[in-house]
Amino acid sequence: MLEQIKETAAFLTKKFGRIPETAVILGTGLGELVQEMVDKQEIPYEEIPHFPVSTVTGHCGKLLTGKLGDTFILAMQGRFHYYEGYSMQEVTFPVRVMKESGVKTLFVSNASGGVNPDFEVGDIMVITDHINFFPEHPLRGKNDDRLGPRFPDMSAPYSKRLIAAAFEAAARHHIRLKKGVYVGTQGPTFETPAEYKHFRIIGGDAVGMSTVPEVIVAVHSGMEVFALSVITDMGGVGEVIEVSHEEVQAAAKSAQPKMTLIMKELMKKV
Ligand code: HPA
């Protein structure tokens, strides 16, 4: 795998000229941050060697560099989900490539369902911890010590420094920011009422179908990580309501300006 990672990193470095030290993975309906980037260069995933190709509607897959505010960043617009059929190695391959290319700090965003009754649709939740509920682990198998340790520490996967900075920025801009535990599960079904309840009982505040694999690999490789969830539905709280992909996308879209602002403020701190 290391050879493929190196080949892809070399390709991107050549194409982009220079790879930023800060990267962001943009989740479902959260691609708008890219429109605020200037001096952009972009490469569609299908042109990147060894990259899988994204298949879900609402995810247009490309990798970009450019400036967001004053920070030069790498952005992944659209990610690879486990439910699409990719292996965990494929889902997390871009994170390996980022590390190899010199990325030091990874920002991650996603859309998720709220199971904490204090949350509302449109809220933004800073992820302070996660529960890995995927059926497969991205680090399962022989460990390549050049990529990271066999038994990575997971006592603080989400940067305490950046979490504190996020709350400072939110207070300054009068943004209501929540924090909590993200449960990562395989999907593609949204949860049944009993499953939402289960995720609340085991300590979750929100549930979604991504992020955990990428964060595990980023931590394994020694990157600093910050992640945000946009609460797009409250499937888990109150009366039983239906959840749809369209609704999730619409809610994500309306929360984007807040999310972008917080990311931009934090990127100044890295
Ligand atoms: N469950 C799982 N994933 C999701 C949800 C949800 O309710 N909303 C957005 N992504």
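1. The ligand occupies the largest pocket of this predicted model, where a pocket is an open set of points on a 1 Å grid over the protein atoms alone, with protein on both sides within 12 Å along at least five of seven lines, and a molecule sits in it if more than half of its atoms lie within 2 Å of its grid points. Local features need pLDDT of at least 70 and side-chain atom pairs 80 or more, whereas totals for chains, interfaces and linings use all residues. Residues are numbered from 1 along each chain, and side-chain values use heavy atoms, without hydrogens and water.

2. The lining of the largest pocket has 23 residues, and Thr28, Ala111, Phe190, Met209 and Val248 lie nearest its centre. By class, this lining has 10 nonpolar, 10 polar and 3 charged residues.

3. Residues around the ligand (a heavy atom within 4 Å) include Ala111, Ser112, Phe190, Tyr196, Met209, Asp233 and Val248. By class, this shell comprises 6 nonpolar, 4 polar and 2 charged residues.

4. Polar contacts (N or O pairs within 3.5 Å) link nitrogen atoms of the ligand to the protein: a side-chain N or O atom of Glu191 is 2.6 Å away, a polar backbone atom of Gly113 is 3.3 Å away, and a polar side-chain atom of Thr232 is 3.5 Å away. Taken alone, the ligand exposes 260 Å² (Shrake-Rupley method, 1.4 Å probe), and the protein buries 96% of that.

5. The second largest pocket is lined by 13 residues, with Met1, Arg96, Lys142, Asp144 and Leu147 nearest its centre. Its lining divides into 5 nonpolar, 4 polar and 4 charged residues.

Note on methods:
Polar contact = N/O pair within 3.5 Å; in protein donor to acceptor, adjacent residues only side chain to side chain. 1 Å grid on protein atoms, 1.4 Å probe; cavity = no way out; pocket = protein on both sides within 12 Å on 5 of 7 lines; lining within 4 Å. Nonpolar A, V, L, I, M, F, W, Y, C, P; charged D, E, K, R; others polar.
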